[in-house]
Amino acid sequence: MSAPDNTTVPDEVRARHAELCRELDDHSYRYYLGNPIVSDAEYDQLMQELRDTEDEYPILITQDSPTQKVGAPISVDFAEVEHLVRMESLGNAFNTDELNAWADRASAEVPVSAYLCELKIDGLAVDLVYERGRLIRAATRGDGRVGEDITLNVRTIAVVPEQLDESVRPAPELLEVRGEVFLPVEDFEKLNQRITADGSHAPFANPRNAAAGSLRQKDPRVTATRPLSMIVHGVGAYTPAAQGGEDVAFTSQSQAYTLLGEWGLPLSDRYRVVATMDEVREYVAHYQAHRHDPAYEIDGIVTKVDDFALQRRLGSTSRAPRWAIAYKYPPEEVTTTLVDIKVGVGRTGRVTPYGVMEPVVVAGSEVEFATLHNAQEVARKGVRVGDTVVLRKAGDVIPEIVGPVLDRRDGSEREFVMPERCPECDTELGQQKEGDVDLRCPNARSCPGQLRERVAFIAGRKALDIEALGYVAATALTQPLEPAEAPLSNEGDLFDLTVEQLLPIRTHVLDPDTTEPKTDPKTGEPKVVSFFANMKGEPKKTVEKLFDQLEEAKKKPLWRVLVSLSIRHVGPRAAEDLARHFRSMDAIRGATEEELASVDGVGPTIARSIHEWFAVDWHTEIVRKWAAAGVRMEDEGQEPGSRVLEGVTVVVTGSLEGFTRDGAKEAVAELGGRATASVSKKTGFVVVGDAPGSKYDKAVKLGVPVLDEAGFRVLLSDGPEAAAGLRINPVEKAPEKDTAE
């Protein structure tokens, strides 16, 4: 028999050879990453089949064949690749006028009947190409026409399918999709902690930088350790003819998402198709208020004309499509100059460094000060006085210095040195216990800074919620200018104040972020005010308001009183657990450490702190004075036997008409329940008001009963069984069991 003509290779042999090459490359790659999916024997069997095929048909042998490769480590050289269809950037709108102008231009040219709104993820744009359902290439955006090949690294992302799901319909011959690769916020924090633990790596400034850095690792094994994710938001090139199946054409953005989802590509569950610009603006406003609900960072909203035919008619400018616009929210990260690093004293004596910066607008407000936590954190972040720094302010979170911009250093910057003595009372600082990262002022009784902070804390929403007793008022009561004397030598005298004590008080106006006097812009001198008296020397209206609110504060529940004592580690949740268990301040004070620690949610650290606090004479004198002034020291409520919410966890979300958020939580606690902030399978009920956000969505997903305000009132009055019948979300019906033998 003559040898086969190897220049003519049967189609089925070529197809099998190509499939073997792809499989073996895939298995080699997985083995390199440390997560093989076949045994060595199976791999060897496939390799032998490939060798046999190439022995019979040598023309199939190429340099890229697995039989010709030496088992060297895979490398990523980020070769340039051209996108099949140009990746366009989006035009931006920074206010509703600009958004409306875009919509007016679009609707003037085409009859727009539907818009698709979706979140603008702050990640890295990536282009994926699938041939006959298999991922063959992934690339960065680059300049829109040419990007960098990051296929090996993208293949480490769990949500990106290497093979499209064809269980619903066949995959297309060719499919190019675009999306955003990101690092979830929670995973970003963990990643920074991990990579900075040994001091060998500076922290990433933000999740986007972390995602970009992870995707451009030369070693895909490093990328595989980073918990990257991706969401697809667009289609590039597309050949609709599916091999052996029906043609499927994309007609709209939303219909395309349905098809992409059927093929197993990762999509957002937060996009919406709406009919009017009023609905678009509502979507924009909702996510501006709920910007941090998603697991990933967003920097705006993208609005698209949904219909693809209308998109084609609108076309594009030289740089951006006319059929889409990005509404950008105010930035949450900016750069500014770190002018100085100072320290402040907290209510428990903790001395904390904070940065003084060139004022800058971030997240819609002007910021001049930002926390640095402690000296170790300053060293870990590597910031120096004079640095250009990245400043972050997310929503209502305290502004934080993320880190320095190293390329901007010129040698004039200087290291921060933590002081050895308290800046408020000159007492030598020390650690409360060995290994404590925080330095503390031990002069708790006489340090004016600690007293001021404790009094201000009492007025806060998490404590007694006394609106008229703000930070500046707390300063006036504890540190007035001479010749007036401070009415409060400690917080025990708060409820015994008189008008006569208040009228002489003059004080500097302090900045609450720095505790330093504000200056008069005209004179440059510190501002001085007669705080409680008007121009005629009579009480200001705020004095009457203050006394009225102090009277109301006496009626607040026990847990709020306990929080107001500034016992270290005792926050609202621990205080609620203690109040629910012991029911009175005397019982808490008289309990042993073991009894305190046995309370659910307390534990030995909090128990020890409480025991030590009550062992100090001047602390117990504060409690005695408050009790004598009429402050509530025990919870009356219902008797333990009739506490209808005992053991029930409730989450309140959105705005209720008849309850404040804190009032709703207190109502739950009064009846023995626990009000928490997050929804889980163990949550008993989720109570929703207006604009409930993602907690409602999660409750529906988990099947947790959801109540409106009327149902919540039934829960409080009649208990869980009565309220269960009023849930407003459907009960998931379990699938019927197949009883056939």
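The largest cavity has a lining of 4 nonpolar, no polar and 6 charged residues. The model behind this count is a predicted one. This report starts at that cavity, moves to a neighbouring leucine, and then turns to salt bridges and the overall fold.

**The cavity**

The structure contains 1 cavity of 30 Å³ or more. About 100 Å³ of space lies inside the largest cavity. Why can such a space be found at all? Empty space shows up when a probe the size of a water molecule is rolled over the atoms.

The nonpolar part of the lining comes from residues that include Pro-557, Trp-559, Ala-579 and Ala-669. Charged side chains also line the space, among them Glu-576, Arg-580, Arg-583, Asp-635, Glu-666 and Glu-670. Two elements, α17 (572-582) and α22 (661-670), each give two or more residues to this lining. Domain 5 (556-629) and domain 6 (649-725) each supply at least three of the lining residues.

**Leu-558**

Helix α16 (residues 558-564) includes Leu-558. Is Leu-558 buried or exposed? Leu-558 counts as buried because its relative accessibility is 0%, and the cut-off for buried is under 20%.

Leu-558 has contacts at other places in the sequence. Leaving aside residues up to four places away in sequence, Leu-558 touches Ala-579, Arg-583, Ser-584, Met-585 and Ile-588. Leu-558 also touches Arg-632, Met-633, Glu-634 and Asp-635. Glu-634 is 76 residues from Leu-558 along the chain, yet their C-alpha atoms are separated by 5.7 Å. Three of these partners come up again at the cavity: Ala-579, Arg-583 and Asp-635 touch Leu-558 and also line the largest cavity.

**Salt bridges**

How many salt bridges does the structure hold? There are 39. Side chains of opposite charge can pair when their charged atoms come close. Three pairs are set out below.

| Pair | Closest N to O | Relative accessible area |
|---|---|---|
| Glu-176 and Arg-178 | 3.4 Å | Glu-176 0%; Arg-178 9% |
| Lys-190 and Glu-186 | 3.5 Å | Lys-190 48%; Glu-186 56% |
| Asp-438 and Arg-440 | 4.0 Å | Asp-438 10%; Arg-440 9% |

Glu-176 is buried, and its partner Arg-178 is buried as well. Asp-438 is likewise buried, as is Arg-440.

The pair in helix α5 (residues 185-195) has another setting. Lys-190 is partly exposed, whereas Glu-186 is exposed. Which spacing separates Lys-190 and Glu-186 in the helix? They are 4 residues apart, so about one helical turn lies between them. Their side chains meet in the salt bridge.

Salt bridges also join up into a network. Glu-377, Arg-380, Lys-381 and Glu-400 are linked in this way.

**The whole protein**

What secondary structure does the protein have? It has 25 helices and 23 strands. Of its 741 residues, 47% are buried. Among contacts with a separation of 6 or more, 67% are between residues 24 or more positions apart. The contact list of Leu-558 includes Glu-634, which is 76 residues away along the chain.

Notes: Residues numbered from 1 in each chain as written. Predicted model: local features only at pLDDT ≥ 70, side-chain atom pairs only at ≥ 80, totals over all residues. Heavy atoms only, no water. 1 Å grid on protein atoms, 1.4 Å probe; cavity = no way out; pocket = protein on both sides within 12 Å on 5 of 7 lines; lining within 4 Å. Points joined across faces, edges and corners; volume = space filled by probe spheres on them. Domains from an automatic or database assignment. Buried < 20%, exposed > 50% of the residue type's maximum accessible area, 1.4 Å probe, protein only. Contact = heavy atoms within 4.5 Å.
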